[in-house]
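This report takes up charged side-chain pairs and then nonpolar packing in the structure displayed here.

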Amino acid sequence: MVDPLAEVVTLLQPQAKFSKFVSAAGPWRVRRSEAGQPFYGVVLDGACRLAADGQAPIDLQKGDFVLIPAAYGFTMSSFAPVAEDFNSEPVALPHGEFRLGTQSGPPDVQMLIGYCVFGSPDAALLVSLLPQLLHVRGEDRLTSELSNRLTTLVQLVGDESRAQRPGREVILARLLEVLLIEALRSATGTAASPGLLRGLADERLAVAIRRMHESMTRPWTVAQLAKEAALSRSAFFERFSRAVGIAPMAYLLAWRMAMAKDLLRRKEGGVAEVAERVGYGSASAFSVAFTRHVGLAPTRYAREVDYSHS
């Protein structure tokens, strides 16, 4: 069975770009505004508060993982009151650690935080299918099996971040990539913001989404997809649009174009073959749709991608 989330994550190409070990004590507050950079954090010990723009503040506890796929502004702080305009400056300590707030005494919280990158040129499209804020609680996960995996990953990340073993950065990057994917998988059953995860959490919509991914070459209509979901056409359209954030046919078009760009980048066939593999009956119809969606004709897109990597 095709896994839509796995396909999206594979195309996203998540990579851990930067991470640092941070501890904090006493009153502290850090405000960041990083245009579009995916932010993640793992609470290794203690607790703190996160307030992302447009989201209700959440308390982060030991073992929690948080991901903001396109972070535009957020604040992390202590539970102790801090002035709204105050911004703590991290102090570098030995062995790559950073300290916030009170510099002496035991920390109230220890975290591994950082930014990741999504290697796909379609990252903006794919990120739009993910929740705006993903929070996985250490003590409240979906199943014991999933809890064990996430707990183990968080522990491994914490151990590796504190150690100074050879290959630390490589191992840490790989662990964080796996943690990102596990966290995304865990969110399919939560009340996520509109996006693919919320669509997959709806049993009826999930059937239609999987069918689109399994049989992308079929000339789908809204009525046919509604039948797969065992809903009326109007109920399916409204339910899908509300859950996923875009209309069913817009989702299908976006996914076909993302797959087409990936095939063209990897030189897997000419325009006619790519057109057929993403569900178009002719190369000309595909070229028109691709040009309208991407802004470049398929042949030109393939040449420019090839040139940019030469």
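## A salt bridge between two strands

In this predicted model, the side chains of Asp59 and Arg49 form a salt bridge, with an N to O distance of 2.9 Å. Because Asp59 belongs to strand E4 (residues 58-61) and Arg49 to strand E3 (residues 37-52), the pair ties together parts that are 10 residues apart in sequence. Asp59 is partly exposed at 28% relative accessibility, and Arg49, at 31%, is likewise classed as partly exposed.

## A salt bridge between two helices

A second pair joins Arg211 and Glu228, whose closest N and O atoms are 3.4 Å apart. Here the partners sit in helices: Arg211 is part of helix H6 (residues 203-214) and Glu228 is part of helix H7 (residues 222-228), so this salt bridge ties together parts that are 17 residues apart in sequence. Arg211 has a relative accessible area of 21% and therefore counts as partly exposed, since buried would require a value under 20%. Glu228, with a relative accessible area of 28%, is partly exposed as well.

## A network of charged residues

Arg266 and Glu268 also meet through their side chains in a salt bridge, at 2.1 Å from N to O. Arg266 is partly exposed at 43% relative accessibility, while Glu268 is partly exposed with a relative accessible area of 27%. Both residues take part in a network of salt bridges that links Asp262, Arg265, Arg266, Glu268 and Arg277.

Across the whole structure, the search finds 12 salt bridges. As a general matter, side chains of opposite charge can pair when their charged atoms come close.

## The nonpolar cores

Which residues touch the most other members of the largest nonpolar core? In this core of 71 residues, they are Phe65, Leu179, Phe236 and Phe286. Helix H9 (residues 248-265) gives the most to the core, contributing 9 residues. In soluble globular proteins, nonpolar side chains tend to be buried together.

The surroundings of Phe286 can be set out in more detail. When its neighbours within four places in sequence are left aside, Phe286 is in contact with Met257, Ala260, Val271, Val274, Ala275, Val278, Tyr280 and Pro298. Apart from the largest core there lies another core, made up of 21 residues, and its members include Val22, Cys48, Leu60 and Met111.

Terms used
Residues are numbered from 1 along each chain as its sequence is written. This is a predicted model: local features need pLDDT of at least 70, side-chain atom pairs count only at pLDDT 80 or more; totals for chains, interfaces and linings use all residues. Side-chain values use heavy atoms; hydrogens and water are left out. A salt bridge is a side-chain nitrogen of Lys or Arg within 4 Å of a carboxyl oxygen of Asp or Glu. Helices (H or I, at least four residues) and strands (E, at least two) are DSSP runs, numbered from the N terminus. Buried means under 20% relative accessible area, exposed over 50%, partly exposed in between (1.4 Å probe, protein chains only). A nonpolar core is a set of buried Ala, Val, Leu, Ile, Met, Phe, Trp, Tyr and Cys residues joined through side-chain atoms within 4.5 Å. Contact means heavy atoms within 4.5 Å.
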